[in-house]
Amino acid sequence: MLTPLNQYRVLDLTNVLAGPFCGHQLAHLGAEVIKVEVPKSGDLARQLGASPTLNKAGMGISFLAQNVGKQSVTLNLKTDEGKSLFKQLVETADVVIENFRPGVMDRLGLGYEELKAVNPNIIYCAISGYGADGPMRHLPAYDQIIQGMSGVMSITGAPENAPYRVGYPIADTIGGMTAAFAICAALAGREKAGEGSFIDVSMLESTLTTMGWAVSNYLVADKAPQPLGNNNVTASPSGTFKTGEGLLNIAANKQEQFEALCQLIGREDLILDPRFAERQARLENRELLTGHIEAAFAGKSAEEWESALNHIGVPAGRVLSVPQALDLPQVQGRDFTGCFVDSPGVNQDVRYVRTGFKLDGERPAVTLPPPQLGEHTEQWLTNLGLSKEDIEQLQGQGAI
């Protein structure tokens, strides 16, 4: 099994999505990820998802999606005993991930400087909405807040109905992926520097970073991006088109692709029409050109046009639902999803998505199902040298 991070131990103190998604990626790469949760309640995501039964059992689908491959240890970090046990775990670890508001861990006496004194090699990754400094650092931030603050919503949707939020928690996910990327870089750098580091991940900045074209058009050309619905800002015909059955995305971004499209639909006259002959002219007359193309597309389904266009070198793809996308032979044939049969605490099979890449032809995978709350607490406290009586006493004190 592909496990390039198998020599590293990660303590994951995070909740809901951005942080758990980060740990989820590291677990797929072989890291030993210990999820440190609040006793009795745990990660809020345990109560979230489409199944009320699983939510009530503390195994909500929102939790299952981001926490395969991890272990669960419950510690009350507001108690002296809980803090002491956490520091003992830090002594053995390589990475700590947290997504509290800046300053929370410092007030607990568990901030970077305190943990660095315990383990000088620790890589401490703090994920927050706006970053560890700046005038907005203490503000709470969830995915939709960041989507709005970053400008993502302002350019999502059509001119007549924007702003819209993206249909899944894109800012949280980008923040988590940015954190995983930074942690891998820090681990590689530690091999040379011989010491740990502090990683400050801003969800706002992470999201803005992915908006390269939109941001750069403003920074360089002073052109603020606008919502264009399903149209490509740089080319036409490039966007979503109606067909006789279903919607079709086309990206005829090059002149030769536009000409091939016109020939396919029997409208060679459009190639020489001055309103469409050049890229800029096509952009200026996008709506009129779309009407001509959709009239021709009315005779066949999106699936038929997809095949015909790709065959002549014009990129095209149907607009699918999530179930349809997962059922594609391309996805099914590349081992993209995994499954834990009769997963403990869930009492049913748990299907999950793996990483979006392969290394040397192999898909990274995990071996542990999503953990039940505190499932591995006794195991890890025993590893730290505590006796059964010690553990029972800590339980009575509410420390674990």
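Select I97 in this predicted model. Leaving aside residues up to four places away in sequence, I97 touches V10, L11, D12, L13 and T14, and also C22, G23, L26, C125, I127 and I183.

Next, keep I97 and add C22, L26, I127 and I183: these five have the most contacts inside the largest nonpolar core, which has 31 residues. To see where this core comes from, colour the elements that give it two or more residues: the helices α1 (18–28), α8 (170–193) and α9 (203–209), together with the strands β4 (95–98), β5 (123–128) and β6 (197–202). Which element gives the most to this core? It is α8, with 6 residues. In soluble globular proteins, nonpolar side chains tend to be buried together.

Now select L85, I122, W380 and L384. They are among the 29 residues of a second core, separate from the one above.

The last stop is helix α15, residues 302–311. Show the side chains of A302, W305, E306 and L309, which are buried. Why do these four lie on the same side of α15? Because they cover an arc of only 105 degrees around the axis. Turn to the face directed away from that buried side, and select E303, S307 and H311, which are exposed.

To find what covers the buried residues of α15, display β8 (247–251), α11 (255–264), α14 (286–297) and β9 (316–318), which are included in the cover. Finish at G313, which follows α15 and has a positive phi, near 90 degrees.

Definitions and conventions: Residues are numbered from 1 along each chain as its sequence is written. This is a predicted model: local features need pLDDT of at least 70, side-chain atom pairs count only at pLDDT 80 or more; totals for chains, interfaces and linings use all residues. Side-chain values use heavy atoms; hydrogens and water are left out. Buried means under 20% relative accessible area, exposed over 50%, partly exposed in between (1.4 Å probe, protein chains only). The arc is that of the directions from the helix axis to the C-beta atoms. Contact means heavy atoms within 4.5 Å. A nonpolar core is a set of buried Ala, Val, Leu, Ile, Met, Phe, Trp, Tyr and Cys residues joined through side-chain atoms within 4.5 Å.
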